Structures are given as structure tokens and as C-alpha cells.
Amino acid sequence: MLKRLRENLSIPLVGAEVIAEHPYSVAECIKADVLDAVRADVSWSGGITGALKTARLAEAFNMNCELHSTIFHPLEMVNMHLSGAIQNNSYLELLWPLETFDFGLKAPLPISGGFASLPETPGLGIELDWDLIDGSTICTINQQ
């Protein structure tokens, strides 16, 4: 049924980022020919390894792997680095306005005019605001 729906639409179908057992279930969607491109991000796709597996799987079938928002800007930096590391990616979707979701960063995401630039410093390339993160963390374990 999904294949028939795909054939009748004039827009590309992109998805599968939130289905169970991602990235392995993405292979079933590709095999069933129900998507034109797949989506991934580090928080839904099993971390960096899962997102890379999804990207490589899509690449093997000449499909794009589009990355999208994790809603947490330190993880957006991971997605940005991932987007720079894979060939079959044409965009990184982020939630807007950026300031609403910049929790945990000492500086805003390196985006200007709609284009992101990867930092050249080690790690994520951006400094985290650990005082804010620690101050916003709630301990749920009984401490003795």
C-alpha cells in the first residue's frame, strides 16, 4: 500500500527516522521501496553509529540521508559534524528560532545566513555551559 501511495505522489517521501529498531528497520523501508530518502539524527537513530549506519545504508541504494533536529543544541553540533562527514546529505533541519533551543551552549550554533560552519577546534568544537546544565539537572536517585 505504501509503495502504491508513493507512486501516486508527486513529492518525494522522506522518513523512517522514528520507527522502531532504527537503523535496522530502515533497511525494510528501502527494500519495500516506500521512501525516496531516509532521515536520521543522533538522538533517534541510535547515536552516531546508528545515524552513520543509516547514512551508509541509504548511500548503498543511491538515496540521501537527511539529518534533522534533536531539539538539544549540543546534539545538533553532533548532527552538524555528521552532516559534514557523509556525502549523501543535502541539508540539516533545525528548529526555529534557534535561541529558543540553545540550552547548554555558551555560544550560539555557528550558523549565519542559513549556512552552518563546522568549528575547527577539537571535540564538538563548541563550549558547553556546564554550570547551566548542572544547575538544571534534577537528581532522582536517593543519595545517602
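In this predicted model, the buried residues of helix 3 pack against helix 2 (24-31), strand 2, strand 3 and helix 4 (73-85). These buried residues are G50, A51, T54, A55 and A58. They cover an arc of only 135 degrees around the axis, which puts them on the same side of helix 3. An α-helix has 3.6 residues a turn, so residues three or four places apart point the same way. On the other side of helix 3, by contrast, T49 and A60 are exposed. Helix 3 itself spans residues 47-60, and its 14 residues reach 20 Å from the first C-alpha to the last, a distance close to the 20 Å expected at 1.5 Å a residue.

The sheet is considered next. Three strands form an open sheet in the order 1-2-3, and the pairing is parallel. Strand 1 and strand 3 stand at the edges, each with a single partner strand, so one side of each is left without a neighbour in the sheet. Strands of a sheet pair through backbone hydrogen bonds, either parallel or antiparallel. Between strand 1 (residues 14-15) and strand 2, the parallel pairing extends over two bridges; V14 has A37 of strand 2 as its bridge partner, while G15 has V38 of strand 2. Between strand 2 and strand 3 (residues 64-67), the parallel pairing extends over four bridges. In this second pairing, the bridge partner of R39 is E66 of strand 3, and A40 stands opposite L67, also of strand 3.

The side chains of strand 2 (residues 37-40) alternate in direction: A37 and R39 point one way, V38 and A40 point the other way, and all of these residues are buried. A37 is thus a buried residue of strand 2 and also the bridge partner of V14, just as R39 is buried and is also bridged to E66 in strand 3.

The helix and the sheet are joined in a common arrangement of elements, since strand 2, helix 3 and strand 3 make a right-handed β-α-β unit. Within this unit, helix 3 lies across strand 2 and strand 3, and runs at about 170 degrees to strand 2. Both of these strands are among the elements against which the buried residues of helix 3 pack.

Several residues in the loops also deserve description. H22 is found in the loop between strand 1 and helix 2, and, because its relative accessibility is 10%, H22 counts as buried. Although H22 and G46 are 24 residues apart along the chain, their C-alpha atoms are separated by 7.0 Å.

Two further loop residues have an uncommon backbone angle. Most residues other than glycine have a negative phi. D33, placed in the loop between helix 2 and strand 2, has a phi near 60 degrees, a positive value in a residue other than glycine. At 31% relative accessibility, D33 counts as partly exposed, a class that lies between the limits of 20% for buried and 50% for exposed residues. N62 lies in the loop between helix 3 and strand 3, just after helix 3, and its phi is near 55 degrees, again a positive value in a residue other than glycine. With a relative accessible area of 75%, N62 is exposed.

Definitions and conventions
Residues are numbered from 1 along each chain as its sequence is written. This is a predicted model: local features need pLDDT of at least 70, side-chain atom pairs count only at pLDDT 80 or more; totals for chains, interfaces and linings use all residues. Side-chain values use heavy atoms; hydrogens and water are left out. Buried means under 20% relative accessible area, exposed over 50%, partly exposed in between (1.4 Å probe, protein chains only). Two strands pair if DSSP finds at least two bridges between them. A crossover is right-handed if, with the strands pointing away from the viewer, the path from the first strand over the helix to the second runs clockwise. The expected span of a helix is 1.5 Å times one less than its number of residues. The arc is that of the directions from the helix axis to the C-beta atoms. Contact means heavy atoms within 4.5 Å. Axes are lines fitted to C-alpha atoms, for helices over the stretch in contact, and angles run from 0 to 180 degrees between N-to-C directions.
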